[in-house]
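Me: I have a structure open and would like to go through some of it with you. Can I just ask things as they come up?

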Amino acid sequence: MSNPPPSEVTLRECQVNRPGLGRATGQTLVTPLDVPGNDLTITAVAEDGLTYTVERKNGKALTNDKRLWDQPNLWYAPAAGEEEVWEASGRPEWYWNTVIAAVASYQKPNAPTEMAQLQEGIKSVFAACRKALGVPGPAILADLEARRHYVAEKGITRAAQISTILPEGVIWEKILTPQDMKKVVDEWDELRKTIQSHGVAVNTTSGSGYPAVSRGRAVLVVTDVEKDQHPTEEKYRLSLKSDRHARARRHLLAHEFMHVHSYNGQGLQGENDDVDEAFTECLARMVTDTITASEEGISAKDLASSEGRRKLVKAVQYNVFWRGDRQGQSADRSLRYQRNVWALVRVSRGGAPPDGKTLSDPLKKQLHRYFHGTGPSPAAIDVIVGAPGTSTSSVLSVADGDRRSSAEETGARKTQTVMGVYLPDTDDADYHLLVLPGSGSEPQRSLLVDCGCAPAADSTTIITRLRTVLKTLPKGPGGRPVLDAVILSGDSLARTNLLPAVTRDVDVGAVHYAGQPHRHKAPLPGGGTLGGWLDARKARPLPAAFSGPDRPFTTIGPARVYILGANAAASGPAGNGRCAVVLVAVGGLRWVLTSDVDAATARVTAAWCGVPAGPLSRLFTYPATVTVVSGRPDEAAARLWPWQPPAGAPVLLPLAAESRRPGPGRPARRLAASCLGHGRPEPPTCALSLHRIGAEETCLTAPIGKKASGEEPGSVRPLDEGVIGEKERAR
């Protein structure tokens, strides 16, 4: 059974392509596997349009000849001489209602230049969002033409290196003017220094290949796109026919200017780029539809009919990929960002009523965040060790701004929990169950990182305790608990062997793994094999590449999940380099799970995250406030980041709970916490209270980042020097 659609668009929804709605007989559906016979032909369409009957192109029989419109990893490929069209029947009614409202208010410019049309089209769509969706758009920026710059390809590459995510309290208008963005070509060094002086990251990347980018409340377009015919380079071609290029370019500008108008020019990119693109492209298509309707003489009244909608769809021009990429899930002349749009359509059909006629409240809130942003999340976390219900949950709390909280205040003051973390109470087991509380109509979300134990462990007790926690997760349509995602940070059985037994009565969403867990064939505690469990859930290997600072691997509710390298330094069949270092970021909290990394893997990760020049180092600067680290580093890795503070990096103040070695050849499990000082002379003071369930008589409480007399700010005090005070009886 698949998970129900989430209440908001998530990276998980945007990661896969789908056949889509509105397909017709004779059309082709393809898969990522470039194997003869895998491609399908649609032979019939169900009356409701949601199911397609298919056959293999090579004529071989299929076990199941039915495919749903939202079948993952299966997508439409246009026939030769055609480009993909977003059919009228594939657009939800809330989309059409918004376009109808925009067309009704659109005033045709006296001089219908490209930029004048966009200025009026964006204005009309923002007004329509308020009228049709109940979400007010932002104020439209003046003089869009002055914000559009045609530049050489190197200017696009440089602009793409500028982060879209600004530090808290910083806005583009305080850094530069839209005209300053032209300096990316001839005055790049000066522009880069100005941007970096305000705390905005400028990353080193290779050529972007983008026809346009938006940065600094301006849009930069490669000069090869400026003319009204096909660009010279194929990678910049946006339409099948050369005489349609001008309209395609206008849509490209609509897309980029929607980015410009989104909150602080970043919209939802702080949550996830792909989710941001879903809203950006959908809104841009509304703008293009509105302008095209005016050009074609199609009125708002006409768009209430199927005939009027089909007429608009035939006339409108979006952007397509001139060349597709089967592994990237795109076909030649397929629509750009269609995968993202289908994600938004699919989630909207999961609302009430489930037919896409209205935009659900969670999606309205997400659109509102796209336009207007939201305040920072509080950095607070519940840490529960073992099974729930046998001890009061503890809280790691961070004060906002310049306010301070002591360990005593933490125990007395009610804090808002932004993430619950369940850990085993025995050193023979490894799992992190992360639970993100919902708000309003949004459900609770969950992520399980690892699920295993040592051969000599009491697996029955561990399984029972973890299944008790999983039973409390939100239920899906079939009444079973839903676990949104599983990540296996290593492929040793000690991290994986409990999965089949623990999840027996749970619906599991996306599963990703590091290393080669399929190599284990032996039966597991509670029955089943690991390979069979992974295959049944279509598990995928983690990407070897690092997550970008603006592009997390996935999102789980408000949490962003980054992969800080996977399989980075595999040294042999049993090498600990076949691990993934996982970062979970929510509010000001950074939780780093280092798995069983060896020194080689730790050095690779430290070079990316633990030094100021590292591409991912800014994930650990403001608004990050507290870092918690857990894992089993070997002796050499424990001397490296994130267990130790390298020179110049955000200072880490290790706080390790006592831990016994679980057996020969395996390091002990360690837990550490640190306060990040945001560049202040003194780091803010916070406290960690860790209740060990299963050993209720012990409660470890410690201040983090609190200076002892005579110490320099940021000095490190190890556990045996008294950072953790006397053990006190849990109350």
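Me: Which residues of H10 are buried?

Reply: This is a predicted model, and in it the buried residues of H10 are Gln338, Asn340, Val341, Trp342, Ala343, Leu344, Val345, Arg346, Val347 and Ser348.

Me: What does that say about the helix as a whole?

Reply: Helix H10 covers residues 338-348, and 10 of its 11 residues are buried, so the helix is largely enclosed by the rest of the structure.

Me: Which helices do the buried residues of H10 pack against?

Reply: They pack against helix H1 (11-14), helix H2 (93-105), helix H8 (273-296) and helix H11 (361-372).

Me: OK, strands now. Is E7 covered on one face or on both faces?

Reply: Strand E7 (residues 212-215) is covered on both faces. Ala212 and Ser214 are buried on one side, and Val213 and Arg215 are buried on the other.

Me: And how does E7 pair with E8?

Reply: E7 and strand E8 (residues 218-222) pair in the antiparallel sense, over 4 bridges. Ala212, for instance, has Val221 in E8 as its bridge partner. The two strands form a hairpin with 2 residues between them, and Gly216 in the turn has a positive phi of about 60°.

Me: There is also an open sheet. What is the order of its strands?

Reply: The order is E4-E3-E2-E1-E5, which makes 5 strands with antiparallel pairing.

Me: Which strands stand at the edges?

Reply: Strand E4 (66-68) and strand E5 (75-77). Each has a single partner strand, so one side of each is left without a neighbour in the sheet. On average, neighbouring strands of this sheet are turned by 50° against each other, ignoring direction.

Me: Over how many bridges do E2 and E3 pair?

Reply: Strand E2 (residues 40-45) and strand E3 (residues 51-56) pair over 5 bridges, in the antiparallel sense. Leu40 stands opposite Arg56 in E3.

Me: Switching to empty space. How many cavities of 30 Å³ or more are there?

Reply: The structure holds 7 of them. The largest cavity has about 100 Å³ of space. Its lining has 13 residues, and Arg12, Ala485, Ala510, Thr554 and Ile556 are the closest to the centre.

Me: Which strands supply at least two residues each to that lining?

Reply: Strand E14 (482-488), strand E15 (507-513) and strand E17 (554-556) each do. By class, the lining of the largest cavity has 5 nonpolar, 5 polar and 3 charged residues.

Me: And the second largest pocket, how much space lies in that?

Reply: About 720 Å³. The second largest pocket is lined by 27 residues, and Glu83, Val85, Glu87, Val313 and Lys314 lie nearest its centre. Helix H9 (residues 306-315) gives the most to this lining, with 5 residues. The lining divides into 10 nonpolar, 6 polar and 11 charged residues.

Me: Last one. Where does Leu493 lie?

Reply: Leu493 lies in the loop between E14 and helix H14 (499-502).

Me: Why does Leu493 count as partly exposed?

Reply: Because its relative accessibility is 29%, and partly exposed is the range between under 20% for buried and over 50% for exposed.

Me: What is Leu493 in contact with, beyond its neighbours within four places in sequence?

Reply: Leu493 is in contact with Gly452, Cys453, His520 and Leu524. As for Pro517, that residue is 24 residues from Leu493 along the chain, and their C-alpha atoms are separated by 8.0 Å.

Conventions:
Residues are numbered from 1 along each chain as its sequence is written. This is a predicted model: local features need pLDDT of at least 70, side-chain atom pairs count only at pLDDT 80 or more; totals for chains, interfaces and linings use all residues. Side-chain values use heavy atoms; hydrogens and water are left out. On a 1 Å grid over the protein atoms alone, a cavity is a set of points where a 1.4 Å probe fits but cannot get out, and a pocket is an open set with protein on both sides within 12 Å along at least five of seven lines; lining residues have an atom within 4 Å of a point. Grid points are joined across faces, edges and corners, and a volume is the space filled by probe spheres set on the points. Ala, Val, Leu, Ile, Met, Phe, Trp, Tyr, Cys and Pro count as nonpolar, Asp, Glu, Lys and Arg as charged, and the others, Gly among them, as polar. Buried means under 20% relative accessible area, exposed over 50%, partly exposed in between (1.4 Å probe, protein chains only). Contact means heavy atoms within 4.5 Å. Two strands pair if DSSP finds at least two bridges between them. Axes are lines fitted to C-alpha atoms, for helices over the stretch in contact, and angles run from 0 to 180 degrees between N-to-C directions.
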